[in-house]
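Visitor: I have a new structure to look through and could use some help. Can we go through it piece by piece?
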Amino acid sequence: MSRRIRYTVDGRIVPPGELIRTARGWAEPAPTHCPAGHPLTGRALVGWIPCPGAGRTGHRTHECPECGEIHYRPPLDEPLCDCERRTGRLPRTD
Ligand SMILES: [Zn+2]
Ligand SMILES: [Zn+2]
């Protein structure tokens with residue numbers, strides 16, 4: 001069984017990359033687990049890297065505190081940005 005990364009806001013499964021309206025205002029979806037299965041909710045180190053690609057400003061990053069795996073949203077392996085090369089990160093392939 002391949003482990004799919006789910007994104008949630010307040011425990012609700014939501015599509016990644018969209019802001020979700022909550023009682024507290026707009027919230028950003030966050031992954032529940034890293035690719036290795038470590039729980040990330042409330043524990044991930046959240047960051048941001050700028051992206052020179054057309055039509056986007058950057059990538060949200062969530063880093064697993066246990067294995068250091070970093071999640072990028074949107075992913076780095078899209079042709080319109082060269083962040084994969086810039087960061088030296090290879091996208092995970094499942
Ligand atoms: Zn990029
Ligand atoms: Zn992990």
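Guide: Start with Asp10, which is in the loop between strand 1 and strand 2. Helices (H or I, at least four residues) and strands (E, at least two) are DSSP runs, numbered from the N terminus. This is a predicted model, where local features need pLDDT of at least 70, side-chain atom pairs count only at pLDDT 80 or more, and totals for chains, interfaces and linings use all residues. Residues are numbered from 1 along each chain as its sequence is written, while chains are lettered from A and ligands numbered from 1 in the order in which they are written.

Visitor: Is Asp10 buried or exposed?
Guide: Asp10 is exposed, because 10 other C-beta atoms lie within 10 Å. A residue is buried if 20 or more other C-beta atoms lie within 10 Å of its own, exposed if 12 or fewer, and partly exposed in between, with C-beta atoms placed from the backbone.

Visitor: And what is the phi of Asp10?
Guide: The phi of Asp10 is near 50°, a positive value in a residue other than glycine. Most residues other than glycine have a negative phi, and most peptide bonds are trans.

Visitor: Which peptide bond is cis?
Guide: The bond from Arg73 to Pro74 is cis, with omega near -5°. Pro74 lies in the loop between strand 8 and helix 1.

Visitor: Where is Pro75?
Guide: Pro75 is also placed in the loop between strand 8 and helix 1, which covers residues 83–87. Pro75 is partly exposed, with 15 other C-beta atoms within 10 Å. From Pro75 to Thr61 there are 14 residues in sequence and 9.6 Å in space, C-alpha to C-alpha.

Visitor: Stepping back, how many helices and strands are in the protein chain?
Guide: The protein chain has one helix and eight strands. Along the sequence the pattern is β-β-β-β-β-β-β-β-α.

Visitor: What is the order of the sheet with strand 7 in it?
Guide: The order is 6-7-8, in an open sheet of three strands with antiparallel pairing. Two strands pair if DSSP finds at least two bridges between them. Strand 6 (45–50) and strand 8 are the edges, each with a single partner strand, so one side of each has no neighbour in the sheet. On average, neighbouring strands of this sheet are turned by 25° against each other, direction ignored. Axes here are lines fitted to C-alpha atoms, for helices over the stretch in contact, and angles run from 0 to 180 degrees between N-to-C directions.

Visitor: How many bridges are there between strand 6 and strand 7?
Guide: Six bridges, in the antiparallel sense. Pro50 stands opposite Gly58 in strand 7, and Trp48 has Arg60 as its bridge partner there. Strand 6 is hardly covered, as the count of buried residues among its six residues is zero.

Visitor: What about strand 7 and strand 8?
Guide: Strand 7 (residues 58–63) and strand 8 (residues 70–73) run antiparallel and are joined by four bridges. Arg60 stands opposite Arg73 in strand 8. The hairpin of these two strands has six residues between the strands, and Gly68 in this hairpin takes a positive phi near 80°.

Visitor: What is the order of the sheet that has strand 1 in it?
Guide: The order is 2-1-5, in an open sheet of three strands with antiparallel pairing. Strand 2 (12–14) and strand 5 (30–31) are at the edges with a single partner strand each, so one side of each is left without a neighbour in the sheet. Two bridges pair strand 1 (residues 7–9) with strand 5, and Tyr7 stands opposite Pro31 in strand 5.
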